[in-house]
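Trainee: I'm new to this one. Could you walk me through it?

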Amino acid sequence: MTHDVIVIGAGASGLVTACLLAERGKRVLLLERRADLGGRAREFVHRGHRIGLGSHLVEDPGDSLTRVCEQIGHELVHSPQSDSMPFWSNGSGWAPIQEQYAGTSKAGLKRCITALAETSYEELETWNHASLREWMARHTSDEGVYTVWEAISVLEQITLRPHEHSASENLYTRKLHYGSRRTAGYSFWPMGGWDALWHAMADRFRALGGELRTSAAVSRVRVESGAVRGVRLGGGEDVDAPQVVVSAPVWDLLRLFDDDVLPWELTERVRMLARNRNRACWIGYWIAAPEPVIASSEREMASFLSTPRCGLPGFTLNFTGYDADVSPAGEYLTCVGASFDATEHYGDRAWLDRKFAELRADIEEMMPAARGALWWKPHVVNNYGVITKPGLVGPVRPDTRVRGIEGLWLTGDTVRARGIGIDKAARAGITTAESVLGDRLPAFAGTMRY
């Protein structure tokens with residue numbers, strides 16, 4: 001078979017790109033080095049519980065991954081929405097986050113929301129190098145209002161201190177969700193789970209004429225005389241195609257090319273973004289218990305800016321509250337994660353061990369139901385993506401099209417997509433598909449992306 005396009009990587013962005021190209025009649029070969037699908041959003045089963053490796057809820061308000069699935073003939077069913085957002089304060093415990101902006105503080109929050117509604121997406125691009133708090137300070141001086149949006153930023157972006165929440169990245173999401181759903185943040189669990197979603201998309205991709213090969217690692221993207229010729233697989237097989245889309249993470253991208261093939265400017269940007277210090281990282285526990293491990297309700301998005309002992313910001317989610325099929329009958333699955341600074345602690349095993357012990361004690365204090373857990377599973381996520389600090393978002397990320405090499409495209413969080421996690425990946429995939437096609441897709445007219 002002759003292929004029009006080869007897509008490398010069957011994570012969220014690769015699947016979206018491949019599906020949309022196949023839906024438009026392109027002959028697409030999708031290659032995935034692993035035996036499973038989903039990339040950093042893949043799913044595994046542990047003691048009967050379905051666990052998403054690096055992804056939790058989907059932040060799509062309906063115009064990215066949900067619409068992609070509609071376009072290819074698959075219904076993505078949203079779970080019920082979160083019904084509360086408890087916030088932990090050391091010294092006073094859990095309380096609804098709304099208490100942070102109670103009374104006279106409400107006026108400051110309303111000014112921020114109004115100003116954001118009146119700010120264009122184009123103007124937000126001027127805030128790539130500033131912090132979220134700097135933008136908010138133009139409209140309020142209330143610490144409680146700062147806390148609300150910065151706590152949401154910890155949940156979404158895995159950033160840490162106030163000066164590390166990029167204004168443009170966070171405001172993009174706030175504006176999108178206020179405009180689409182009339183709420184600061186809309187998220188859902190994909191009913192049926194991640195594995196079922198990725199396989200459903202793969203089935204539709206094949207039905208549209210696409211070819212998917214798993215356990216097919218690419219060793220090189222073949223480039224000759226400034227143009228793509230195809231790829232070389234790990235076993236030495238050459239596969240020809242005039243166009244290649246690469247959805248590899250930024251820290252794996254350069255390994256796919258011979259030295260000096262990519263433009264110098266692109267190579268230097270990728271090297272900068274791929275530094276370990278620029279990774280979004282968290283530590284956490286998966287906890288299974290005979291009762292919900294929660295702050296206030298089974299379907300909540302709880303957050304904290306500091307715990308009693310480990311002192312890190314983070315989140316907690318009870319997944320069984322969103323989808324009972326995640327867990328065996330009579331058991332509940334909770335994830336608690338705490339962000340940490342890769343600049344100081346990436347690879348520091350002694351520090352991580354200490355923080356794990358402190359975080360476990362914190363969880364048992366903050367959510368006593370965890371003391372009766374059936375099991376705890378610690379995890380470290382150090383490949384969530386490039387952290388969205390000021391100076392690391394927007395045009396500093398590469399474009400989808402690699403100029404100077406005919407037929408070469410990038411997608412995923414390597415490129416300057418906006419959004420959160422899976423939503424960002426889907427928007428990148430939509431943009432890349434349109435770039436390859438050289439045309440806007442009517443189904444996504446009016447949706448925000450690059």
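Mentor: Sure, a bit of vocabulary to begin with: Ala, Val, Leu, Ile, Met, Phe, Trp, Tyr, Cys and Pro count as nonpolar, Asp, Glu, Lys and Arg as charged, and the others, Gly among them, as polar. The model is predicted, so local features need pLDDT of at least 70 and side-chain atom pairs pLDDT 80 or more, while totals for chains, interfaces and linings use all residues. Residues are numbered from 1 along each chain as its sequence is written, and side-chain values use heavy atoms, without hydrogens and water.

Trainee: How do the residues lining the second largest pocket divide by class?

Mentor: A pocket here is an open set of points on a 1 Å grid over the protein atoms alone, where a 1.4 Å probe fits, with protein on both sides within 12 Å along at least five of seven lines; lining residues have an atom within 4 Å of a point. This pocket has 23 lining residues, with Met 85, Ile 152, Thr 183, Ala 184 and Gly 185 nearest its centre. They split into 13 nonpolar, 7 polar and 3 charged.

Trainee: Which element gives the most to that lining?

Mentor: Helices are DSSP runs (H or I, at least four residues), numbered from the N terminus. Two elements give two or more residues to the lining, α3 (105–118) and α6 (143–157). The top contributor, with 5 residues, is α6.

Trainee: Why does the radius of gyration agree with a compact globule?

Mentor: The radius is taken over C-alpha atoms, and the globule rule is 2.2 Å times the number of residues to the power 0.38. With 450 residues, that rule gives a value near 22 Å, and the chain agrees because its own value is 22 Å.
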